[in-house]
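Me: I have a structure open here and want to walk through it. Can you take my questions as they come?

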Amino acid sequence: MIVLGIETSCDETAAAVVRDDRAILADRVLSQEAEHRPFGGVVPEIAARSHLHHLDTLIREALGDAGFGLERVDAIAASAGPGLIGGLMVGVTTAKAIAMASGKPFVAVNHLEGHALTARLTDGIDFPYLLLLVSGGHCQLLAVEGVGRYRRLGATMDDAAGEAFDKAARLLGLGYPGGPAIEQAAKGGDATRFPLPRPLQGRPGCDFSFSGLKNALRLLVGRLGALTDQDRADIAASFQAAVAGSLADRTARGMAMFADLYPAARTLVVAGGVAANTALRAALADTAQGRGFALIVPPARLCTDNGAMIAWAGLERFRLGLVDGLDFAARPRWPLDPGAARLVGAGVKA
Ligand code: KG4
Ligand code: ZN
């Protein structure tokens, strides 16, 4: 079974081909980073136009890498939400057009399900497992119980983890995207020079919050005035340590909640762009080891947005008979778990 996957929900245009034996036959990702950098963040209109400009070629290249044409593909999957609606519409419309022209089924994939199932593509793990999803738009702990079956244990009350990195980088004048810039700057820094708060540390539940930390950072930068490169490095290191510490603390609580639900399951998966952060990986490795959990972090290029995760999630759905009609509309908000509507209403991102 072979599936073509398309990803256009944010600022990566991606197309990939995967097979049901977990082989990635093609995996093309085109980053729009340079186009958005002058604006210090993703500009939705620029993103949509760029997806439109590049997607056809990228799909052709992906099929070229796989070494066959559409006739060998069993289904066409596209990221259909959550994300920036203009980009989502480009990907979904393209996938539907290919599906219609080739007579193959179309599978609408929840972008978050793509991240959530990546560890089954890379490591072949079984359900259930605990997932820490940390990206530019999302920060949540989920029990992944099966395809389409997610139980949210905790989520951010304000910013996503990646968003916090991006805002901190902007405050320090380190540019966009913030996560890699902070990690780079932190390499020469002293994480103990400026103690910053670790949000919600020790508090019950496993929700997240980054607004207090962001505020503390803003006050610190204001107090210091003109920053030297060493100041920047020390602040970046302190900030990274605070985020990693907070995420590890909340995840430890999530592990306890997960262990109550599934006493025999002991796997923690980390996904999303922030999972590329080495300080976070180290903190989570400690936390997992102390609690007898195996830690699985997919390779960085499969943690950040990519087409292989969409193709794989599409394949998992398709082989269960879950296909979608050509009337399926892309949606900017699309929570993974049914209980999330209430949280979305309270201002939490989908
Ligand atoms: O998953 P992703 O590629 O896109 C979304 O679906 O959001 O995640 C992008 C986010 C950005 O906020 C970026 O700053 C962050 O992941 N990120 C990192 C690192 N690499 C990417 N954050 C911390 N450390 C990194 N090395
Ligand atoms: Zn993502």
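Reply: Yes, with one term settled beforehand: two strands are said to pair if DSSP finds at least two bridges between them. Also, this is a predicted model.

Me: Fine. How many bridges join β9 to β10, then?

Reply: Three, and the two strands run parallel. β9 covers residues 267–271. One of the bridge partners is A294 in β10, which sits opposite T267.

Me: Which sheet are those two in, and in what order do its strands come?

Reply: The order is β8-β7-β6-β9-β10, an open sheet of five strands with mixed pairing. β8 (149–155) and β10 (294–296) are the edges; each has a single partner strand, so one side of each has no neighbour in the sheet. From one strand to the next the twist averages 25 degrees.

Me: What lies across that sheet?

Reply: Helix α4, residues 111–123. It lies across β6, β7, β8, β9 and β10, at about 125 degrees to β6.

Me: What about the other sheet, what's the strand order there?

Reply: β3-β2-β1-β4-β5, again five strands in an open sheet with mixed pairing. β3 and β5 (106–110) are its edge strands, each pairing on one side only. The twist there averages 20 degrees from one strand to the next.

Me: Are β1 and β4 parallel or antiparallel?

Reply: Parallel, over four bridges between β1 (residues 2–7) and β4 (residues 75–81). V3 has A75 as its bridge partner in β4.

Me: And β2 with β3, parallel or antiparallel?

Reply: Antiparallel, with seven bridges between residues 12–19 and residues 24–31. A15 is bridged to R28 in β3. The two strands make a hairpin with four residues between them, and R22 in that turn has a positive phi of about 75 degrees.

Me: Which helices lie across this sheet?

Reply: α3, residues 85–102, lies across β1, β4 and β5, at about 160 degrees to β4. α4 is another: it lies across β1, β3, β4 and β5, and runs at about 95 degrees to β5. As said, α4 also lies across strands of the β8-to-β10 sheet, β6 among them.

Me: Changing topic. Which residues coordinate the zinc ion (ligand 2)?

Reply: H111 and H115, each through NE2, and D305 through OD, at 2.0 to 2.2 Å. Along the chain the donors follow the spacing H-x3-H-x189-D. H115 is in helix α4 and D305 is in the loop between α10 (300–303) and α11 (308–318), so this pair ties together parts that lie 190 residues apart in sequence.

Me: Why is the arrangement around the zinc ion (ligand 2) irregular?

Reply: Because the four donor atoms subtend angles of 94 to 149 degrees. To count as tetrahedral, four donors need all angles between 85 and 135 degrees. Water is not among the atoms, so sites may look incomplete.

Me: Is H115 buried or exposed? And D305?

Reply: H115 is buried, at 1% relative accessibility. D305 is buried too, with a relative accessible area of 15%. The cut-off for buried is under 20%.

Me: Back to α4 for a second. What does T118 touch?

Reply: P298, L302 and M309, leaving aside residues up to four places away in sequence. T118 is in helix α4, and its 2% relative accessibility makes it count as buried.

Me: M309 is in α11, I think. How many residues of α11 are buried?

Reply: 11 of its 11, so the helix is listed as mostly covered. M309 is one of the buried residues, and others include W312, E316, R317 and F318.

Me: Last bit, the whole chain. How many helices and strands?

Reply: 12 helices and 10 strands. The radius of gyration is 20 Å, close to the 20 Å that the globule rule gives for 350 residues, so the chain is as compact as a globular protein of that length. The C-alpha trace spans about 60 × 50 × 35 Å along its principal axes.

Me: What share of the residues is buried?

Reply: 55% of the 350. On contacts between residues at least 6 apart in sequence, 73% join residues at least 24 apart.

Methods
Residues numbered from 1 in each chain as written. Chains lettered and ligands numbered in written order. Predicted model: local features only at pLDDT ≥ 70, side-chain atom pairs only at ≥ 80, totals over all residues. Heavy atoms only, no water. Axes fitted to C-alpha atoms, helices over the stretch in contact; angles between N-to-C directions. Contact = heavy atoms within 4.5 Å. Donors = N, O, S within 2.8 Å, 3.2 Å for Na, K, Ca; no water. Tetrahedral: all angles 85-135°; square planar, octahedral: opposite > 155°, others 65-115°. Buried < 20%, exposed > 50% of the residue type's maximum accessible area, 1.4 Å probe, protein only. Rg over C-alpha atoms; globule rule 2.2 N^0.38 Å.
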